[in-house]
Amino acid sequence: MNELKKWFELPVGAVIDEPGNAIKYKTGSWRTFKPVLDKSKCNDCLICWIYCPDNSIIVQDGKLIGFDYEHCKGCGICAEVCPDKSKAITMVLEHQ
Amino acid sequence: MKVMALTGNEAVAEAMRQINPDVVAAYPITPQTELMHRFTEFVADGLVDTEMVLVESEHSALSATVGASAAGARAMTATSSQGLALMWEILYIAAGLRLPIVMPVVNRALSAPINIHGDHSDTMGARDSGWIQIFSENAQEAYDNTIIAVRIAEHPDILLPVMVTMDGFIISHTMERVEVLDDDVVKNFIGEYNPKYKLLDVKNPVTMGPLDLQDYYFEHKRAQAEAMENAYKLIKEIDEEYYKISGRRYSYVEPYEIDDADIILISLGSTAGTIKDVVDELRLKGLKVGGLKIRVYRPFPRDEIKEFLSNASVVGVMDRAIAFGSPCGPVCLDVKASLQGTSLSNLPIVNYIYGLGGRDITPKDIIKIFNELEKVRISGEVPNLPRYVGVRGEENYIEQKAKLKIKN
Ligand code: SF4
Ligand code: SF4
């Protein structure tokens, strides 16, 4: 997060008046498990991209290229929904 | 201006008609029912433009009001007792979101045991919820305070919800002479409501009530505390403006015969009126007594309390609620806290708990209180614990304790 504001500098009532500023809020540190991709098993079906609640699956030209670890909270949904025949994502303990 | 015969409830409904809120959401509860009954008549008769939302509970009533206010509407509701208790969760949300909702509260005892009559237990419990609280002595004040409250709530440097209270039945159901301002005078006084943020303003999208963790929650609460301080500074300006249109001058507190008074009795709401009568009576007998009514209870008028008590020899504080387990009632606690550390730290203060569940407080009771305070003044012996006034058995209890030489 950028410079924290002082109490008298904030919009009244904790209103967020800048749309989309959640991107500035780095939630990656909340993670216990982190998703790790085995690209050799992935067929780019992008089911994980549809399900990720934090918009943290990075896709380029229709292909999964990795995770946004600054925002990924490690919920494990991507690993869960990745189809049985691929199982390309493993959740590994963060600080091992 | 016209003079009307109105009950407290009708007077506030009349004020609401003139305020003409965009949205009102409410659920009926005695003794507030008549207020909303009257207001919904105005809605049905097309006398207001209000969207009236009838909900299934007070939790929903205040929730709908919060939603409407966040959307950008001027929104109101009203309640009593258990209704206010059921609103608890949303009270803090309305204040934290800084929504300028005005809510008349017709004071009533809290269950259990169930009781529909007036005391201050309901609003006293909500005293630290972030709402401004204004107490009314009679129907006229309830009317005036409701209109003034709109300006206080919506002031850009305040933006806090406001409760306007009146004592259940004693004021809400008693018909009095009320001076009602002209509709357009009220309309001009309150002006248009132009909130800075509106959820329905799709061109300028905002998020209200987002998750706020260790890094910012405290800052937002600090800002909210400052809004109360701003209210403490600014309410007098708004009262002054109201004086100009009404001829009625209100203040945070109202002193009565206080200049040379040795004994001062502090109270809120309708009891202040009875105290004035008793003060007149006792003054005829040469007793130097006075009354001090607190009108704005939150923010607490700490400076005015100090100022008006500075020449007193002994003070009584009337509490129409018990703060269970606290050294004294809520009003007394605030009065003592305001004097602590000043030259008045040692001023003898006696707390009187009275009138719970609508128990009458008569001039006779108040004369007794003044007499007891006179004894305290002479003897210098100040009871530590609150005195319970008008409750059967209390005198036997005190006698018993005296025999056992227990100091209280
Ligand atoms: S672990 Fe959860 S947050 Fe992280 S990429 Fe997978 S689905 Fe998204
Ligand atoms: S769901 Fe599995 S296979 Fe499909 S894109 Fe995501 S990681 Fe690759």
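These legends go with a few close-ups of a predicted model.

**Figure 1. Chain A, start to finish.** Here's the whole of chain A, with its two helices and four strands. Follow the sequence and the elements come up as β-α-β-β-α-β. How does the radius of gyration of chain A sit against that of a compact globule of 96 residues? The globule would come out near 12 Å, but chain A has 16 Å. Lined up on its principal axes, the box filled by the C-alpha atoms of chain A is roughly 55 × 30 × 20 Å.

**Figure 2. The shell around ligand 1.** We're looking at the chain A residues that surround this ligand. Four cysteines are easy to pick out by name: C52(A), C72(A), C75(A) and C78(A). Also around ligand 1 are P35(A), P53(A), I57(A), F67(A) and M91(A), along with K73(A), G74(A) and G76(A). Sorted by class, this shell holds nine nonpolar, two polar and one charged residues.

**Figure 3. The shell around ligand 2.** Ligand 2 has 13 residues around it. Which of them are the closest? That list reads C42(A), C45(A), L46(A), C48(A) and C82(A). By class, the ligand 2 shell splits into 10 nonpolar, two polar and one charged.

**Figure 4. Two helices of chain B, side by side.** Helix α3 (residues 58–71) of chain B and helix α5 (residues 88–96) of chain B have axes that come within 9 Å and cross at roughly 15°. That angle makes α3(B) roughly parallel to α5(B). The crossing of α3(B) past α5(B) is left-handed. On the α3(B) side the contact uses H59(B), L62(B), S63(B) and V66(B), while α5(B) brings in E89(B), I90(B), L91(B) and A94(B). Taken by class, that contact has five nonpolar, two polar and one charged residues.

**Figure 5. Backbone oddities in the loops of chain B.** Some background for this view: most residues other than glycine have a negative phi, and most peptide bonds are trans. R98(B) isn't a glycine, yet its phi is positive, near 60°. You'll find R98(B) in the loop between α5 and β5 of chain B. Next up is the peptide bond joining S111(B) and A112(B), which is cis with omega about -5°. A112(B) belongs to the loop between β5 (102–107) and α6 (121–125) of chain B. Another cis peptide bond links R298(B) and P299(B), with omega about -5°. For P299(B), look in the loop between β12 (296–298) and α11 (302–309) of chain B.

Note on methods
Residues numbered from 1 in each chain as written. Chains lettered and ligands numbered in written order. Predicted model: local features only at pLDDT ≥ 70, side-chain atom pairs only at ≥ 80, totals over all residues. Heavy atoms only, no water. Axes fitted to C-alpha atoms, helices over the stretch in contact; angles between N-to-C directions. Parallel < 35°, antiparallel > 145°, perpendicular 65-115°, else oblique. Left-handed = near helix turned anticlockwise from the far one by under 90°. Contact = heavy atoms within 4.5 Å. Nonpolar A, V, L, I, M, F, W, Y, C, P; charged D, E, K, R; others polar. Near = heavy atom within 4 Å. Rg over C-alpha atoms; globule rule 2.2 N^0.38 Å.
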